[in-house]
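Here are some notes to help you find your way around, in the order I would look at things. Keep the viewer open and follow along at your own pace.

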Amino acid sequence: MFLYNLTLQRATGISYAIHGNFSGTKQQEIVVSRGKILELLRPDPNTGKVHTLLTVEVFGVIRSLMAFRLTGGTKDYIVVGSDSGRIVILEYQPSKNVFEKIHQETFGKSGCRRIVPGQYLAVDPKGRAVMISAIEKQKLVYILNRDAAARLTISSPLEAHKANTLVYHVVGVDVGFENPMFACLEMDYEEADNDPTGEAAANTQQTLTFYELDLGLNHVVRKYSEPLEEHGNFLITVPGGSDGPSGVLICSENYITYKNFGDQPDIRCPIPRRRNDLDDPERGMIFVCSATHKTKSMFFFLAQTEQGDIFKITLETDEDMVTEIRLKYFDTVPVAAAMCVLKTGFLFVASEFGNHYLYQIAHLGDDDEEPEFSSAMPLEEGDTFFFQPRPLKNLVLVDELDSLSPILCCQIADLANEDTPQLYVACGRGPRSSLRVLRHGLEVSEMAVSELPGNPNAVWTVRRHVEDEFDAYIIVSFVNATLVLSIGETVEEVTDSGFLGTTPTLSCSLLGDDALVQVYPDGIRHIRADKRVNEWKTPGKKTIVKCAVNQRQVVIALTGGELVYFEMDPSGQLNEYTERKEMSADVVCMSLANVPPGEQRSRFLAVGLVDNTVRIISLDPSDCLQPLSMQALPAQPESLCIVEMGGTEKQDELGERGSIGFLYLNIGLQNGVLLRTVLDPVTGDLSDTRTRYLGSRPVKLFRVRMQGQEAVLAMSSRSWLSYSYQSRFHLTPLSYETLEFASGFASEQCPEGIVAISTNTLRILALEKLGAVFNQVAFPLQYTPRKFVIHPESNNLIIIETDHNAYTEATKAQRKQQMAEEMVEAAGEDERELAAEMAAAFLNENLPESIFGAPKAGNGQWASVIRVMNPIQGNTLDLVQLEQNEAAFSVAVCRFSNTGDEWYVLVGVAKDLILNPRSVAGGFVYTYKLVNSGEKLEFLHKHIANYICGIQTIGHRVIVSDVQESFIWVRYKRNENQLIIFADDTYPRWVTTATLLDYDTVAGADKFGNICVVRLPPNTNDEVDEDPTGNKALWDRGLLNGASQKAEVIMNYHVGETVLSLQKTTLIPGGSESLVYTTLSGGIGILVPFTSHEDHDFFQHVEMHLRSEHPPLCGRDHLSFRSYYFPVKNVIDGDLCEQFNSMEPNKQKNVAEELDRTPPEVSKKLEDIRTRYAF
């Protein structure tokens, strides 16, 4: 069995985020790392929408990320620390839309090791040096400079090693243009290691150490070191040189401290706490991430606590001495893994779990009522300030990036009866958890819907002038009339547009710079800018049946298959070409491409005929209306569309076009199939046809613009969008009802929209999330979802949600009551009434936990609920709260042989579980009966049990997966009522999830990110006899202390993200079965079997050539990455193979020649295997 791995949805969790001007223009961009993926995002400064420009798999673990800019430069580079044992510097090339590797310096072994650098990166704020450090011992400094050609240069590494030292964080200190300096939080464990009494370990202090890079002597010295009182968790660089006092802020438990060397005294300030917090009072408070904003005149820091509260931190200085730290409560957002303050006034928050957010900073919080806390205020040691959390005041949410991370459980089923199965995904953590329903398709936002006086049959939009940014008119055609609507603040009917309203319209367009053309059955109407109208009438009894128009050309087909061609002359007049062309059959559809920039005309006309052919006809003056090529079709064509796609044709600032893409002829057939064919721009030949079945209705095609490029909207029983995104073609259905006709639409509110008609309504739609494979509907949950099952009869979901360190609702209410009573008791006689009012206010206030976080109850405190949910509407039908400290971990729905047709839900619950060291007061199995056709749970009884992580059954066999001992095969003997182990696995896998593939084969995933398939050998015997007498010879007892029969490994593969669910299923109607996996980081992928040896052989060679021709960005070896824990076996990495499309054309050609193919054939094979199993 050979498998091919494909990613359907890349990981969505963000581990690091940095910002800068990576494309070298003034635009601010964000680079995020998602585990093994590097992604470049650009927030649009006007709309605030975040666009993804580039996503690259690096096939390695990104451990650190930094932006740096050489002194006086305008462009930021990206430094990546990874598990490759190399430091890599990348530059973003906007013209090619790629990350280019400028430098790659090897310094150590690969893998995430304790003493190989890569875990921490620090950059000198002036961009002169970068330090890369390991968790222990090793630190290297590289000097960065530029050569005569202004290219970036990197020095050989300078060592700053110190043995027996653990590093917690490293930052570059801003010292202006003096020697670069780096600050490290370190701990020396040498004494603790050598002291057997354990006293030294208890007294070891963390130190703050400064390393100076002496540029003159070209080496690194340990300049200064001092022990710290509190244990710090990270450092913040304070601007220096001419911008500020320099030095660092140390964030530690309960305190933030400013330090600098010289005469500067330490300034420390406690971290404020929430007033009346339900958290465990003994628990300390730390800052978890920060962002710095610096302008020429001022700077401030935003630091976020682990509850999500952001404080604005400013420093008061007297000359160059810092005199106080000031903190002010700013706002509360979900806890972030990284925050970036952009120069454009946005705050990007990469959430630890759940969706990521982009906020507009509306106010800096200087002139509000919020109290300001200062280090100068007198406080007792151990006391702190208190503040009141509130809804957002300084920040305004402008965009939300969907993130599935972490996916804890997933089931694929068609519960909504839509033919294509939906993915039901339980994801998130704590109160921000959700159950999301994923459907394959692009999300459509409805901008407007309005009713029309009848059922229209077509719609177009036109501009008044070629330079206009937005459309001026919407033209709607009915059976016997045409309606013209003008677009302004509102959409209103106009009569003075020059269009003929008493006839249906076949097509209309902007002609030349500022004229309009309307084609209707009896002729052509050319409307000049000054409202002069020229008419061309059809000869005799003939009418126009089909037409094609663009900016300078009009082609019409008259009854009987006669073509008439018009072209615009320099004076703006439409001239008919002298000859007409008789086609051999009736014309059913036509298409012209847009006029290429800088040219007079489009050279090709595509004509579809009744005889199931498409012909390409030349419009070049030298051979006008001569046929160039022809393609026979399997069915009659319904519509044609020529578009230019695939080139990076985004305009740059100067308005110059980039490389021009390829011409594609899209052919929609009447049987619901879409063909895409490459049209040769010189000869007009058609080649390399790709086909996709879209639906049951004839396919109509419309040209629209998406992200500055041409795209095709194809309409059948579903609407699909064919577009090029990050150098790959996507053909994705729209998650929307059936549409009949459409046109591109641009207005101020909606710069790249679509106007469409459906029965008697006119709709304006926008597609914002291009590149997304799934659109999602989310239903909120209360705690972290652990597992869920589907009730087979009602299709309802039964979800168990469990959180550690949490209170149940009942305990929370009890705690609040208790605190309110304490508030009243603590008050003196005269303050009683005030205290009672405050207590009442405290009991009434209810801040949503999804934003403000749930109170942390302390270790060993658990809260659980069991929920019955309708997956279509997302409403909760029943909710059972378990007692405090009862944690639900497993759930099953089943029938018992003695109770007939009734369904029961069994929930496995642990009582008083403590994770470390593991202990538990007992376990129960709660049994509930599903009543009201699966909508209500009725409690029956509870039953005691023990610890295992998964059980699968098939026939008489039971396959048990253990937390750290892989799989065990057990046979159930009914007559003796015994379970007998008859086989097990040779590797100790830490199994997280498993699924059966057939009677002998099981697929499993482990917590280190591997997927394996193991199979019992053909001669395995499960008729094992237990030996009752115990007198069999010892050597028969088994092998390697286990069972006597061992399973064989069929495949091993390292995904690189922990897989938490596996399922064998089909993803598209009529597709083949695949193994779908979901990961903790929010990724969804599939493993699909090869059906033929030649396919496997072909892809094996593609993978081999790509490994050598296109090595991973961060320097990790692809083969060793996929073999991280077990050598990769029988799996080909489709994610690597698909990078073929983003290689340079000459490399593509070389690889394709090695395979005896052409590049289009290779990419067609890649596309085919994807569409056969998925999307």
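**Notes for a first look**

1. A good place to begin is strand β85, where Val1088 is the bridge partner of Tyr4. Please keep in mind that this is a predicted model. The bridge belongs to a longer pairing: β1 (residues 3-9) and β85 run antiparallel and are joined by six bridges.

2. β85 has another partner as well. Strand β84 (residues 1074-1079) pairs with β85 in the antiparallel sense, over four bridges, and one of the bridge pairs is Tyr1077 with Gly1085. The two strands make a hairpin with four residues between them. Look in the turn for Gly1082, which has a positive phi of about 95°.

3. Why is β85 largely enclosed by the rest of the structure? Five of the six residues in this strand (residues 1084-1089) are buried, so the surroundings close over most of β85.

4. Next, try the open sheet of four strands, ordered β38-β39-β40-β41 with antiparallel pairing. The edges are β38 (458-462) and β41 (491-493); each has a single partner strand, so one side of each has no neighbour in the sheet. From one strand to the next, the twist averages 25°. Five bridges hold the antiparallel pairing of β38 with β39 (residues 473-477), and Val459 has Val476 in β39 as its bridge partner.

5. Val476 turns up again in the largest nonpolar core, which has 48 residues. Together with Leu713 and Leu721, Val476 touches the most other members. Leaving out residues up to four places away in sequence, the contacts of Leu721 include Leu442, Val704, Met706, His730, Thr732 and Leu770. Another core, of 40 residues, lies apart from this one, and Tyr4 is among its members, as are Leu438, Phe774 and Tyr1173. As background, nonpolar side chains tend to be buried together in soluble globular proteins.

6. The aromatic rings deserve a look too, with a count of 36 aromatic pairs. One of them is Phe311 with Phe387, edge-to-face at 5.1 Å centre to centre and with 90° between the planes. This pair links distant parts of the chain, since Phe311 is in strand β26 (residues 309-318) and Phe387 in strand β32 (residues 386-387), 76 residues apart. Both Phe311 and Phe387 are buried.

7. Finally, two charged side chains sit over rings. Lys126 lies over the face of Phe177, 5.4 Å from the ring centre, while the charged end of Arg989 is 4.7 Å from the centre of the Phe1126 ring. An aromatic cluster to look up alongside these is formed by Trp990, Phe1008, Phe1121, Tyr1124 and Tyr1125.

Methods. Residues numbered from 1 in each chain as written. Predicted model: local features only at pLDDT ≥ 70, side-chain atom pairs only at ≥ 80, totals over all residues. Heavy atoms only, no water. Phe/Tyr/Trp six-rings, centres within 6.5 Å; stacked < 30°, edge-to-face > 60°. Buried < 20%, exposed > 50% of the residue type's maximum accessible area, 1.4 Å probe, protein only. Lys NZ or Arg CZ within 6 Å of the ring centre and 35° of its normal. Pairing = 2+ DSSP bridges. Axes fitted to C-alpha atoms, helices over the stretch in contact; angles between N-to-C directions. Core = buried A, V, L, I, M, F, W, Y, C linked by side-chain atoms within 4.5 Å. Contact = heavy atoms within 4.5 Å.
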